[in-house]
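Trainee: I'd like to learn how to read a structure like a map. Can you take me through one, feature by feature?

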Amino acid sequence: ILRKGLIRDLCTSKTRWRARFASIPAKVAMSEAGFNEMDEPGVYSYETDDPAVLNRSLDVVRNAGALLIELGPELKSLEEVLTEAVGP
C-alpha cells in the first residue's frame, strides 16, 4: 500500500486550481497573471500552494474585466494518483 484514503482526498490537488470565467479579458492578461488556458472554453488552471498568491492573481484578472463563476482545486484522475505513487 503506497497511499490510502478517501478518493476525493487522494485526487484533490493541493497546488493546482481550476477557475471558470463567464467573461475574460485578453488572453494575454490571463497568461500574465499566471492563468493557463485549458481545453474547455473559459476554464483556466493556476499553480500555487499559497492562497494569497492565488487571490492576488484573481484580483488582477477581475480588475481587467474577468468574471469568475467557479473556483476549486483541480481533481486528478486515479491514473495520475497511481503514477505519482509508483513513479514513471
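Mentor: Let's begin with the vocabulary: helices (H or I, at least four residues) and strands (E, at least two) are DSSP runs, numbered from the N terminus. Here the elements run α-β-α-β-β-α-β-α from the N terminus on. One caution is that this is a predicted model, where local features need pLDDT of at least 70 and side-chain atom pairs count only at pLDDT 80 or more, while totals for chains, interfaces and linings use all residues. Residues are numbered from 1 along each chain as its sequence is written, and side-chain values use heavy atoms, with hydrogens and water left out.

Trainee: How many helices and strands are in the chain?

Mentor: Four helices and four strands. The C-alpha atoms fill a box of roughly 45 × 25 × 20 Å along the principal axes.

Trainee: Next, strands. Which strands does S1 pair with?

Mentor: The general idea is that two strands pair if DSSP finds at least two bridges between them. In this model, S1 (residues 12-23) pairs with S4 (residues 67-75) in the antiparallel sense, over seven bridges. Arg18 stands opposite Gly72 in S4. S1 also runs antiparallel to S3 (residues 43-47), joined by five bridges, and there Arg16 has Glu47 as its bridge partner.

Trainee: And what joins S2 to S3?

Mentor: Two bridges, with S2 (residues 36-37) and S3 antiparallel. Asn36 has Ser45 as its bridge partner in S3. Five residues lie between the strands of this hairpin, and Gly42 takes a positive phi near 80 degrees there.

Trainee: How do I read burial, and how many residues of S3 are buried?

Mentor: Look at relative accessible area: buried means under 20%, exposed over 50%, and partly exposed in between, using a 1.4 Å probe and protein chains only. By that rule S3 is mostly covered, with four of its five residues buried. Across the chain, buried residues make up 26% of the 88 residues.

Trainee: Now a helix. What span does H3 reach?

Mentor: For the expected span, take 1.5 Å times one less than the number of residues. H3 (residues 51-63) has 13 residues and reaches 18 Å from first C-alpha to last, close to the 18 Å expected.

Trainee: Which residues of H3 are buried?

Mentor: Leu54, Ser57, Leu58 and Val61. They cover an arc of only 105 degrees around the axis, which puts them on the same side of H3. That arc is taken from the directions from the helix axis to the C-beta atoms. As a rule, an α-helix has 3.6 residues a turn, so residues three or four places apart point the same way. The face of H3 turned away from its buried side carries the exposed residues Arg56 and Asn63.

Trainee: What covers the buried residues of H3?

Mentor: Here you count contacts, meaning heavy atoms within 4.5 Å. The cover includes S1, helix H2 (27-32), S3 and S4. Ser57, for one, touches Ala33, Phe35 and Tyr46, leaving aside residues up to four places away in sequence.

Trainee: Ser57 is a serine. Why does Ser57 count as buried?

Mentor: Because its relative accessibility is 9%. Its side chain also makes a polar contact with the side chain of Tyr46 (2.6 Å). A polar contact is a pair of N or O atoms within 3.5 Å; within protein, one must be able to donate a hydrogen and the other to accept it, and residues adjacent in sequence count only if both atoms are side-chain atoms.

Trainee: What should I look for at the ends of H3?

Mentor: At the start, a side-chain oxygen of Asp50 reaches to within 3.0 Å of the backbone nitrogen of Ala52. Just after H3, Gly65 takes a positive phi of about 115 degrees.

Trainee: Back in S1, which side chains make polar contacts with the side chain of Arg20?

Mentor: Arg20 sits in S1. Its side chain is joined to that of Glu40 by a polar contact of 2.9 Å, and makes another with the side chain of Glu70 (2.8 Å).

Trainee: One last spot: is Ser77 buried or partly exposed?

Mentor: Partly exposed, with a relative accessible area of 34%. Ser77 lies in the loop between S4 and helix H4 (78-86). Ser77 and Cys11 are 66 residues apart in sequence and 6.4 Å apart in space, C-alpha to C-alpha.
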